[in-house]
Amino acid sequence: MKMSRLFVQTLREFPSDAEVISHKLLVRAGYIRKLTMGVYNYLPLMWRVIRKVENIIREEMDRAGAQELLMPFVQPKELWEESGRWGAYGGELMRLKDRHGREMCLGPTHEEIITAIARDGLKSYKQLPVNLYQIQSKFRDERRPRFGLLRGREFIMKDAYSFGTSQEELEKEYKNMWEAYTRIFKRCGLDTKAVQSDSGAIGGSVSHEFMVITDQDSGENDVFYCECDYAANSNHAESKLPDAKITGDWQEPQIIDTPNTHSIDELTEFLNIPATVIVKTLVYIVDKAPVLALIRADRTVEETKLMNAVGGTDIRIATAGEIEEMMAVNGFDSEKGFIGPQGLKEYNGFKIKVVADETVKDMKNFVIGINKKDVHLVGANWGVDVDLPETVTDIRLAEAGDFCPVCGKPLKVTRGIEVGNIFQLGTKYSKPMNAVYLDQNGKTQPYIMGCYGIGVTRTAAAAVEAHHDDHGIIWPLAIAPYHAVVIPVSTKDELQMKVANDIYQTLLKHGVEAVIDDRDERAGVKFKDADLIGFPYRITVGKTIADGLVEFKARNSEELSNIKPENACEIVVTAVNNLK
RNA sequence: CGGGAUGUAGCGCAGCUUGGUAGCGCACUUCGCUUGGGACGAAGGGGUCGCACGUUCGAAUCGUGUCAUCCCGACCA
C-alpha cells in the first residue's frame with residue numbers, strides 16, 4: 001500500500017474527549033472515529049487489526065473443534081421471553097419495534113438464538129457434544145459507555161456455545177476453551193491471567209475471566225491474585241483476614257449515648273475504639289426487597305456477593321428516605337448510622353432478610369446499632385443481646401494484604417481489562433427453553449451448556465493499552481495493520497525511491513504486508529506518523545544508500561542499525577513467516 | 001439513573017462578562033522555498049456559533065426550554 005493512498009488521517013493533537021490511552025491513540029492515529037455515543041467507525045487500519053484478531057480466533061477455535069456460524073443481529077422478543085430474560089435483562093437490552101409493532105431487540109449476546117438452533121437440530125445424544133461460535137457485532141445500551149473501544153455500546157465479539165450431555169463433558173470443553181483462549185491471547189501478543197469471577201446476568205456457576213494485566217489505570221476490574229495460582233475478580237475474590245482486635249473492652253452490655261455519629265469514622269472517634277469491634281448494618285434493596293447486610297465496620301460489602309447470597313439480580317443501597325420509612329413501619333424512630341438488625345420485620349410488602357458477613361461471627365462485646373437515634377449498644381454478644389442471622393456467608397470485598405484463601409500468602413491487587421470469559425452454564429437456558437435431546441434410554445434431557453466469549457474490539461484496544469509509548473502504538477506483529485513501512489527520506493531522490501521501491505516489492509513478494517511512504521513530506525512527518533500508527537518494522541532509505549545501506553528499526557526497540565537492503569528484508573520476512 | 005462540565009470549521013481552541021455582519025493554530029487547496037524527527041512564506045476554500053422559542057432595531061454573546069457530548073459515581077463484556 002502506498003502511504004499516499006492509504007485512508008488515514010493522523011491528528012497532531014489528542015482528541016479532547018478521550019480519557020484512556022488506547023482511545024486517544026486510536027483516534028489520533030486514524031484508526032477509529034466516533035459515530036455516536038459508544039459507537040465507532042472502524043476505519044481501514046482498524047479493520048485490518050480487527051480482522052487479524054478475528055482470524056487468530058478463528059484458527060484457534062477451529063483447531064479446538066468448534067464450528068463457525070452467523071446469527072442475526074436483530075432478535076425477536078419471543079425467544080427472550082422463553083428464557084425469561086426479556087424481563088430480567090435491564091436497560092442494556094436495546095429494544096425496538098418493527099413496522100408491524102412486533103417487539104425485537106438488538107443482540108447483546110446470543111444464548112437464546114443458539115439454544116433455539118440447537119434444539120431444532122440436535123435431537124440425539126449421538127450428535128453431541130457440539131461447540132458453535134460466531135464473530136459478530138453486539139449491542140448493549142450501556143448507561144455510560146466510555147474508554148473508547150474498551151467499553152462501547154456496539155462492539156465485535158466472538159461468542160461460542162457448547163452443548164453436551166454431562167457435567168464431565170462440559171468441564172472437558174471448558175478446559176478445551178481455556179486452552180484455546182490461552183493460545184489466542186498469546187498469539188495476539190497479550191499476557192492474560194484467568195481469574196475466577198461472578199457469572200452475572202448470563203448465569204451459571206463456574207466462570208473465569210481472561211484479564212489483560214496492564215500498568216495502566218484503564219483496567220476496569222480489580223483483580224486479586226497470589227503468587228500461587230489463585231486469581232479472582234473483585235466480585236468473587238475470597239480472602240482470609242489478618243488478625244485484628246474483635247473483642248470490645250466492655251464487660252456488660254449497655255446502651256450508651258453516641259450523638260450524631262452517622263458514620264463509622266465518627267463513631268470510632270467518639271468512642272475511641274477501632275472499627276473492628278463494631279458491627280455495621282447496611283440497608284440494600286435487592287429486586288425491590290429490603291436486605292440488611294451486617295459486616296465488621298472496617299470492611300466493605302461486595303454488592304455482587306450480597307446479591308448472590310439472597311439470589312437476586314439487581315442491587316442498590318437504600319435511600320435515606322427508604323430507611324426512615326422502614327424504621328417507621330417497624331415502630332422505630334431512627335436514621336442512618338444507628339441501624340441494627342433487631343426488630344426489623346418487614347418493609348414494602350417484603351420480609352426483611354438479614355445477611356451477615358463471616359467477619360462478624362467471632363466478634364465479642366461488640367458495638368451495634370439498635371434502631372434508636374443517637375445511641376448504640378456496646379458490649380453486645382451474639383445469642384445474648386442480638387441474634388446471629390441465619391445467613392452467615394462471605395459478602396465482603398477483599399483487600400490487598402488479606403491472605404490468599406488457597407495458600408495463605410498475602411494477596412495483591414491490580415487492574416485488569418477483561419478480554420474474554422468462559423462460563424459453565426449448565427441447564428440455565430436449555431431447561432426453560434425446553435432444549436432437549438434423547439439419551440441412550442430414549443429419555444429427554446436438557447443440554448448441558450457452556451458459553452465462551454472474547455471481545456474482539458476490546459482485545460485490539462487492550463493491545464494498545466499494553467503496548468504503546470509516548471510516540472504512539474507499538475503493535476504486536478501478529479495484529480498490526482501492516483507489518484512494515486518503507487520510508488524514502490526524499491521522494492525526489494531517484495536512487496532513494498528506486499531502492500525503496502525495490503525493498504517494498506521484495507517484501508510484498510514474500511508475503512509481508514508493507515506500506516511505502518511515497519508522500520512528498522519531510523522525513524520528520526513520516527517518522528512521526530510511522531511511530532504513531534505503530535508499524536512494527538521501519539526501513540528508511542536515506543543518504544546512506546550511497547554506501548549501499550538502509551536504516552532498520554523495530555518499533556519496540558530503540559536500536560537503529562544501518563544494514564544492506566536485502567538484510568533488512570530478510571529480518572522482516574523471517575519475523576512474518578514465524579507468525580505462522 | 002444521581003452529581004459536575006461543555007457544545008463556535010475535520011481536529012484543538014479563543015470570542016460571551018460589557019449584544020453591532022465570526023476568529024486563531026493544525027489539517028485541506030495553489031505557488032514558492034525546504035527535505036533525517038510534526039519547517040517557512042504568500043494566497044485561498046470551508047462554519048444556519050447544538051436546536052427551539054423569547055428579549056432586542058440588532059443575539060455566538062442575554063433569558064427560558066430542549067437535545068447532544070464528556071467527566072465522577074452507580075451498573076456492566
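Which residues line the largest cavity? Val-485, Ala-530, Asp-531, Phe-535, Arg-538, Lys-553, Ala-554 and Arg-555 do. Before the rest, some ground rules: this is a predicted model, where local features need pLDDT of at least 70, side-chain atom pairs count only at pLDDT 80 or more, and totals for chains, interfaces and linings use all residues. Residues are numbered from 1 along each chain as its sequence is written, chains are lettered from A and ligands numbered from 1 in the order in which they are written, and side-chain values use heavy atoms, with hydrogens and water left out.

**The cavity**

- The search turns up 1 cavity of 30 Å³ or more, and the largest cavity holds about 40 Å³ of space.
- A cavity here is a set of points, on a 1 Å grid over the protein atoms alone, where a 1.4 Å probe fits but cannot get out; lining residues have an atom within 4 Å of a point.
- Grid points are joined across faces, edges and corners, and the volume is the space filled by probe spheres set on the points.
- Two or more lining residues of the largest cavity come from each of α12 and β32 (550–554); helices (H or I, at least four residues) and strands (E, at least two) are DSSP runs numbered from the N terminus.
- By class, that lining has 4 nonpolar, no polar and 4 charged residues, with Ala, Val, Leu, Ile, Met, Phe, Trp, Tyr, Cys and Pro counted as nonpolar, Asp, Glu, Lys and Arg as charged, and the others, Gly among them, as polar.

**Around RNA strand B**

- RNA strand B has 43 residues around it, the closest being Arg-12, Arg-151, Glu-418, Asp-531 and Glu-551; "near" means that a heavy atom of the residue lies within 4 Å.
- That surface breaks down into 10 nonpolar, 8 polar and 25 charged residues.
- Helix α12 (523–533) supplies at least two of its residues, as do β1 (32–36), β23 (412–426) and β31 (537–541); α12 gives the most, with 8 residues.
- On the RNA side, 47% of the strand B atoms within 4 Å of the protein belong to sugar or phosphate, and the rest to bases.
- For polar contacts (N or O atom pairs within 3.5 Å), the side chain of Arg-28 has an N or O atom 3.3 Å from a base oxygen of RNA strand B.
- Asp-529 puts a polar side-chain atom 3.1 Å from a base nitrogen of the strand, while an N or O atom in the side chain of Asn-421 is 2.9 Å from a sugar or linking oxygen.

**Domains and salt bridges**

- Chain A splits into domain 1 (21–238 + 413–465), domain 2 (254–393) and domain 3 (482–577), with bounds from an automatic or database domain assignment.
- The C-alpha centres of domain 2 and domain 3 are 67 Å apart.
- There are 38 salt bridges in the structure, each a side-chain nitrogen of Lys or Arg within 4 Å of a carboxyl oxygen of Asp or Glu.
- One of them pairs Lys-77 with Glu-103, with the closest N and O atoms 2.7 Å apart; it links helix α3 (residues 77–83) to strand β6 (residues 103–106), the two residues being 26 apart.

**Backbone oddities**

- Most residues other than glycine have a negative phi, and most peptide bonds are trans.
- Leu-128 and Pro-129 are joined by a cis peptide bond, with omega about 0°; Pro-129 sits in the loop between α5 (111–121) and β7 (130–139).
- Asn-260 has a positive phi, near 60°, and is found in the loop between β13 (254–257) and α7 (264–271).

Note on methods
Polar contact = N/O pair within 3.5 Å; in protein donor to acceptor, adjacent residues only side chain to side chain. 1 Å grid on protein atoms, 1.4 Å probe; cavity = no way out; pocket = protein on both sides within 12 Å on 5 of 7 lines; lining within 4 Å.
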